[in-house]
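Student: I would like to take a close look at a single part of this protein. Could you please guide me through it with care?

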Amino acid sequence: MNFQINSFEEYQDAYKKSVENPEQFWGEIADHFFWKRKWNNVLNWNFTEPNIKWFEGGKLNITENCLDRHIYQNGDTPAIIWEPNDPTEAHRILTYKQLLAKVEQFANVLKNNNVRKGDRVCIYLPMVPELVIAILACARIGAIHSVVFGGFSAQSIADRINDAECKLVITADGGFRGPKVLELKSIVDDALMQCKSVEKVIVLTRSRTPVSMIKGRDVWWEDEIKKVETQDNPPCPAEEMDSEDPLFVLYTSGSTGKPKGVVHTTAGYMVYTGYTFSNVFQYQPGEVYFCTADIGWITGHSYIVYGPLSQGATSLMFEGVPTYPDAGRFWDIVEKYKVNILYTAPTAIRSLMAFGDSFIEGKDLSSLKKLGSVGEPINKEAWEWYHEKIGRGKAPITDTWWQTENGGILIAPLPGITPTIPSYAMLPLPGVQPCLMDENGNELEGNDVSGNLCIKFPWPGMLRTTWGDHERCRQTYFTAYKNMYFTGDGCYRSPEGYYRITGRVDDVLNVSGHRIGTAELENAINMHSDVVESAIVGYPHPVKGQGIYAYVIANHHIDAEGTRKDILQTVTRLIGAIAKPDIIQFVTDLPKTRSGKIMRRILRKIAEGELSSLGDTTTLQDPTVVEKIIEGAEKLRK
Ligand code: WT7
């Protein structure tokens, strides 16, 4: 598309313009999309409430931008290529024309099941094309989707459904993930025992896992499709949406409490994901683009579904895991579909690296032109392996920094245009104004400085609120620094002005690219009847980036091994297996200040094994606690 930047000079010009005249800049980019009615104002904002409105007065439907507008010239272009978990099962390709037909059909199914504009729909599906169809069908009729990652537990689903008061759930009998079958419907059934708002459940047949269908509540996807087919498969016109109508809610963890529903709205999110997809991947027509994320996370929303489709790209989605049937699976897929752009996570790179190069040997990776990384800091070793072995020293790597709340990529090199340095996200995209802040709330000007990363000015893809609790949105992101969005990340700006993200500065862990809130996890562990108190910290993990270290005070009469297992079970039940601690250390006490605050800094150092730099422990209620914990940690290591 013609807002693609082609040279470093063009990048600098675009950046300058985006700062000097943001409204003109974004207005011109928005002109490349299809509007039912143009906006009155490009931007209205303040960060104090916060109140952020992009393209107010505009009317549009994002699915017309992702589907209808490509039909005339590119209707037969593959929109989605689907690679199944089992490589011997047939793959599927949906062209733009076919995808539109399926979306319209399923949108009519939603209408038949009483879903209306503004209603919330929870989607708990495996990585199959019907997940994309379900998402776009919601957007087609103006329903707000809330996709829940297939690894979350019944309790997590229930919490999310209740918070958003979802009316309908879309799930499958089961899903395949590597050698495992996930019993999705049965998990939904457990969740729904706590959910009053849900009237209907639509169940897709995928794994043929036995399920119990509840009369009056549960219907089969396939039966519902038949009903709209017999009505001559009428098309489903796209609902006219306001620019600021919510498009979706996506729950993410923070440093306190339960996960919050990040709300993204229609026009700004569309413009931002489309613009950043085109530029950050330098997408050219005909290229095959493969993002390995799960659509249950923001990366999948923005860069499997909305961004690529709004740009008419071919987006490859993969149902399985990188190590099934063996650690060469990604490379088989690259070879099979001649993938040109690969977007994956450092944790996947490190885990495949550890399997050795034999899984790459003999695989034709020559189609790969651009590589992307997302989700966590990528260490130099992984960057170099990715560059040499996968990119054959030729494909540039774009290390993309962003967050669920951002909607799209904020800081990243443009491959082939911006220089790259391992472990650096390099430069902000046009429209993004990062700044580094010190502890006292002063901006750190100039280069060769480290501070807390904030963004000074709105960008179209940013969150607007957190579902049902605007105050929480304000508190979390807009109060740490006046008139700024606070990211929660630490960052270094090099002498050349390049950005390097150094990791979270709050109590949020990043485990295999998944965000885990320490408070949420502690609450889950504390639910176990033998647990008195717990404290969670992260520690460096060779594959996951961060591992989860749990310090647990348990009742003294317990059998440690049994309790350890029970705690893992409790976490799996309350949150999901992704939040299971890697290490549980039973302790008799936790290091606390005289006011009773847990000194996490000390616990972190012990978990990292950095005992020489524990710092001042004299202000503790009981400094001897530390020695006992160190002793216990050493025993555990042996
Ligand atoms: C956190 C956001 C949206 C991407 C998927 C994760 C970390 C993300 C990078 C990167 C260093 C990164 C940050 C951020 N992060 N990308 N390229 N380099 N750190 O989304 O779950 O919202 O987590 O992931 O710490 O705050 P998320």
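Student: Is S423 buried or exposed?

Tutor: Please keep in mind that this is a predicted model. S423 counts as buried, because its relative accessibility is 14%, and the cut-off for a buried residue is under 20% relative accessible area. S423 lies in the loop between β20 and β21, the latter formed by residues 434-437. Its backbone also deserves attention: phi of S423 is near 75°, which is a positive value in a residue other than glycine.

A second residue, R392, may be set beside S423. The phi angle of R392 is near 45°, again positive in a residue other than glycine. R392 is located in the loop that runs between α13 (380-390) and β20 (397-400). Strand β20 thus links the two descriptions, since the loop of R392 leads to β20 and the loop of S423 is between β20 and β21. As for accessibility, R392 has a relative accessible area of 27% and is partly exposed, whereas S423 is buried.

Other loops contain a further backbone feature, the cis peptide bond. One such bond joins E49 to P50, with omega near -10°, and P50 is placed in the loop between β1 (41-46) and β2 (51-56). Another cis bond runs from Y324 to P325, with omega near -5°. P325 belongs to the loop between β17 (314-318) and α11 (329-337).

Note on methods: Residues numbered from 1 in each chain as written. Predicted model: local features only at pLDDT ≥ 70, side-chain atom pairs only at ≥ 80, totals over all residues. Heavy atoms only, no water. Helix = DSSP H or I, 4+ residues; strand = E, 2+ residues; numbered from the N terminus. Buried < 20%, exposed > 50% of the residue type's maximum accessible area, 1.4 Å probe, protein only.
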